[in-house]
Amino acid sequence: MRNKYFPEEEIQLNDLLFMCYMIERVARHIHQKNKYVVNTIGKNGLYHLISCANVLHCENPLKVEADWIDEYKLQSSDYDVTAVDKELATIVPTPLEMGEVYQRLIVDTMTSTEDYVEGLIRVYNDDICEVIDNYNGSAFYEPSYVIARAYQAGGF
C-alpha cells in the first residue's frame with residue numbers, strides 16, 4: 001500500500017499497528033466500540049491517518065486521541081470494554097496489546113487484492129470483534145493463528 005501524500009513511500013506494518021492502537025485508545029476514551037471509530041472516520045479518513053502514521057506516532061497519544069475525536073466528531077457513549085467481571089477476568093489488555101491483536105488479525109487474513117485500510121474496515125466490522133473484545137473470555141490472548149482460524153471459520 002502506498003502513502004497517499006508520498007506515493008514513493010510504502011505504508012509499513014508499524015503504521016497499521018499504530019492505527020489499531022489509536023483506534024483502541026480512542027474507542028476506550030469515548031466509551032464506544034472500535035467499529036464505531038473505524039466507521040465514523042471512514043475509508044478516506046483512515047487512508048489519510050495511516051499515511052500520516054509514521055509522523056503521528058511521534059506525537060503524544062493523548063493529543064492524537066483529542067485530534068481524532070475533534071476532527072472526526074466522534075461522540076461519547078456508555079460502552080466500557082474494560083468493565084469486566086473481576087471473578088472471571090484478571091487481565092484487561094492495554095490498548096497497545098489489543099492493537100497488536102488486531103494488527104496481526106488484519107495481516108493474517110488479508111487477501112492479495114486488499115490494502116491495510118480495507119483490512120481495517122473488514123476486520124473491525126466482523127462479529128468476531130464482540131468475542132475478542134469480551135475480556136471476560138480468553139479470545140484476545142489466544143495465539144494469532146487461532147484467532148485467524150476462528151475469523152475464517154466464522155467464530156470460535
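Is Phe-140 buried or exposed? I looked this up before anything else, and Phe-140 counts as buried, at 5% relative accessibility, where buried means under 20% relative accessible area, exposed over 50%, and partly exposed in between (1.4 Å probe, protein chains only).

Ground rules I noted. This is a predicted model, in which local features need pLDDT of at least 70 and side-chain atom pairs count only at pLDDT 80 or more, while totals for chains, interfaces and linings use all residues. Residues are numbered from 1 along each chain as its sequence is written, and side-chain values use heavy atoms, with hydrogens and water left out.

Aromatic rings. I found 3 aromatic pairs in the structure, a pair being rings of Phe, Tyr and Trp (its six-membered ring) with centres within 6.5 Å, counted as stacked if the planes are under 30 degrees apart, edge-to-face if over 60, and tilted for the rest. Phe-140 and Tyr-141 make an edge-to-face pair, because their ring planes stand at 80°, with the centres 5.0 Å apart. Tyr-141, unlike the buried Phe-140, is exposed, with a relative accessible area of 53%. I also noted that Tyr-135 joins Phe-140 and Tyr-141 in one aromatic cluster.

A charge over a ring. I then looked at Lys-33, which lies over the face of Tyr-79 at 5.1 Å from the ring centre; the test asks for NZ of Lys or CZ of Arg within 6 Å of the ring centre and within 35 degrees of the ring normal.

Helices. I took helices as DSSP runs (H or I, at least four residues; strands are E, at least two), numbered from the N terminus. Helix 1, residues 13–30, has 18 residues and reaches 26 Å from its first C-alpha to its last, close to the 26 Å expected, the expected span being 1.5 Å times one less than the number of residues. Helix 1 is largely enclosed by the rest of the structure, because 15 of its 18 residues are buried. His-31 follows helix 1 and has a positive phi, near 55°.

Asn-34 has its place in helix 2 (residues 34–56), and I recorded it as buried at 6% relative accessibility. Leaving aside neighbours within four places in sequence, Asn-34 is in contact (heavy atoms within 4.5 Å) with residues including Ile-23, Tyr-102 and Asp-133.

Cysteines. I found 0 disulfides, a disulfide being a pair of cysteine sulfur atoms within 2.5 Å. The sulfur of Cys-58 is 12 Å from its closest cysteine sulfur, in Cys-52, so it is too far for a bond, and Cys-58 is exposed at 62%. Cys-129 is buried at 8%, and its sulfur is 10 Å from the closest one, in Cys-20, again too far for a bond.
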